[in-house]
Amino acid sequence: MVVKVQSAPFDPGAELTAFSKTGDNIGAVVSFTGLVRDVADGLQEMTIEHYPAMTERAIAEIVDEARTRWSLADALVIHRFGTLHAGDTIMMVATSSRHRADAFAAADFLMDYLKSRAPFWKKEVTSKGDGWVESKAEDEDALCRWDR
Amino acid sequence: MVDVLYFAWVRERIGLPNEQVETKAATVMDLVEELRAREERYAVAFSDISALRVAVDQELAEFDAPIGTAREIAFFPPMTGG
């Protein structure tokens, strides 16, 4: 498992290529890349704050939980913080497994949990001022899908 | 003595990223009550705890969680990662 929390940009393609070479006898790699979206009022910048002492451990716990649920060869999570702009890559998740079902499900699970349980907060600066992005009820509801 | 951390709009409303607090609070909620009683900016930040989350020693917790020997308590809005 690799978890990287960083302000620096990264190349998702290069990360995915490197990740696909790890793991023994894997048959499937699934990846998700999250980008900064523009908003109605025109996004000037997005600032992502995090809780440094907690972030990597919280992500590692989420990945550990995924590994108890699905048969994964490996998992990669990269999440940026700091100042970003529309179109920038915020984060990526990749999972690998022997068969695709495990990699797909685990990546989906990781995204749902990273959104609502990893200590990041987004602030948007637009032409009309700035504001913290509010969490959505549907993001919390999405976690219920994984109850067992 | 416990380190209290604030993130996102909680940090902005209180005007501090962290501070050391001398407390005898038994639970997180007791600590919230002590902070609310301090000054208006705390009362405002903690006016609706349903809009807040808390971590005790870097683990998500409930507001009725005991503080015990915890060294670090963090308050923040619901997370918006991903």
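Where in chain B is Leu16(B) found? Select Leu16(B): its place is the loop between helix 1 and strand 2 (18-21) of chain B. Keep in mind throughout that this is a predicted model.

**Stop 1: Leu16(B) and its surroundings**

Stay on Leu16(B). At 26% relative accessibility, this residue counts as partly exposed. Now show its contacts, leaving aside neighbours within four places in sequence. Leu16(B) touches Tyr6(B), Arg11(B) and Tyr42(B). Add Leu5(B) to the selection. Leu5(B) and Leu16(B) are 11 residues apart in sequence, and their C-alpha atoms are 8.3 Å apart in space.

**Stop 2: two arginines over rings**

Tyr42(B), one of the contacts of Leu16(B), leads to the next selection. Show Arg38(B) together with Tyr42(B). The charged end of Arg38(B) sits over the ring of Tyr42(B), 5.3 Å from the ring centre. Then select Arg13(B) and Trp9(B). Here the charged end of Arg13(B) sits over the Trp9(B) ring, at 4.2 Å from its centre.

**Stop 3: positive phi in chain B**

Select Ala8(B). This residue lies in helix 1 (residues 8-14) of chain B. Its phi is near 55°, a positive value in a residue other than glycine. Is Ala8(B) buried or exposed? Ala8(B) counts as buried, because its relative accessibility is 0%.

Go on to Gln58(B). It is found in the loop between strand 3 (53-56) and strand 4 (59-61) of chain B. Phi is positive here too, near 70° for Gln58(B), which is not a glycine. At 18% relative accessibility, Gln58(B) counts as buried; the cut-off for buried is under 20%.

**Stop 4: across to chain A at Arg57(A)**

Which residues does Arg57(A) contact, leaving aside its neighbours within four places in sequence? Select Arg57(A) and show them: Asp57(B), Gln58(B) and Glu59(B). Arg57(A) has its place in helix 2 of chain A. With 36% relative accessibility, Arg57(A) counts as partly exposed. Add Ala118(A). The C-alpha atoms of Arg57(A) and Ala118(A) are separated by 9.1 Å, with their positions 61 residues apart along the chain.

**Stop 5: helix 2 against helix 3**

Show helix 2 (residues 52-69) of chain A with helix 3 of chain A. Their axes come within 10 Å and cross at roughly 150°. Helix 2 of chain A is therefore roughly antiparallel to helix 3 of chain A, since the angle is over 145 degrees. The crossing of these two helices is right-handed. Now display side chains. From helix 2 of chain A, the residues that meet helix 3 of chain A include Ala58(A), Ile59(A), Ile62(A) and Val63(A). On the helix 3 side, look for Phe109(A), Leu110(A) and Tyr113(A), among others.

**Stop 6: helix 3 against helix 4**

Keep helix 3 (residues 100-117) of chain A and add helix 4 (residues 137-144) of chain A. They pack at an angle of about 135°, with their axes 9 Å apart. Helix 3 of chain A and helix 4 of chain A are therefore oblique to each other. Their crossing is left-handed. Which residues of helix 4 of chain A meet helix 3 of chain A? Select Asp139(A), Glu140(A), Ala142(A) and Leu143(A). The helix 3 residues in this meeting include Asp112(A), Tyr113(A) and Arg117(A). Tyr113(A) and Arg117(A) are also among the helix 3 residues that meet helix 2 of chain A.

**Stop 7: strand 7 of chain A**

Select Thr126(A), in strand 7 of chain A. Thr126(A) is buried, with a relative accessible area of 11%. Leaving aside neighbours within four places in sequence, Thr126(A) is in contact with Val39(A), Asp41(A), Gly42(A) and Gln44(A).

**Stop 8: aromatic rings between the chains**

How many aromatic pairs does a search of the whole structure find? The search gives 12 over all chains. One of them joins Trp121(A) and Phe76(B): a tilted pair, 5.0 Å centre to centre, with 50° between the planes. This pair crosses between chains, from strand 7 (residues 120-126) of chain A to strand 5 (residues 72-76) of chain B. Trp121(A) counts as buried at 1% relative accessibility. Phe76(B) counts as buried at 0%. Finish by adding Tyr51(A) and Phe7(B) to the selection. With Trp121(A) and Phe76(B), they form one aromatic cluster.

How values were computed:
Residues are numbered from 1 along each chain as its sequence is written. Chains are lettered from A and ligands numbered from 1 in the order in which they are written. This is a predicted model: local features need pLDDT of at least 70, side-chain atom pairs count only at pLDDT 80 or more; totals for chains, interfaces and linings use all residues. Side-chain values use heavy atoms; hydrogens and water are left out. Rings of Phe, Tyr and Trp (its six-membered ring) pair if their centres lie within 6.5 Å; planes under 30 degrees apart count as stacked, over 60 as edge-to-face and the rest as tilted. Helices (H or I, at least four residues) and strands (E, at least two) are DSSP runs, numbered from the N terminus. Buried means under 20% relative accessible area, exposed over 50%, partly exposed in between (1.4 Å probe, protein chains only). A charge sits over a ring if NZ of Lys or CZ of Arg is within 6 Å of the ring centre and within 35 degrees of the ring normal. Axes are lines fitted to C-alpha atoms, for helices over the stretch in contact, and angles run from 0 to 180 degrees between N-to-C directions. Angles under 35 degrees count as roughly parallel, over 145 as roughly antiparallel, 65 to 115 as roughly perpendicular and the rest as oblique. A crossing is left-handed if the near helix is turned anticlockwise from the far one by less than a right angle, and right-handed if clockwise. Contact means heavy atoms within 4.5 Å.
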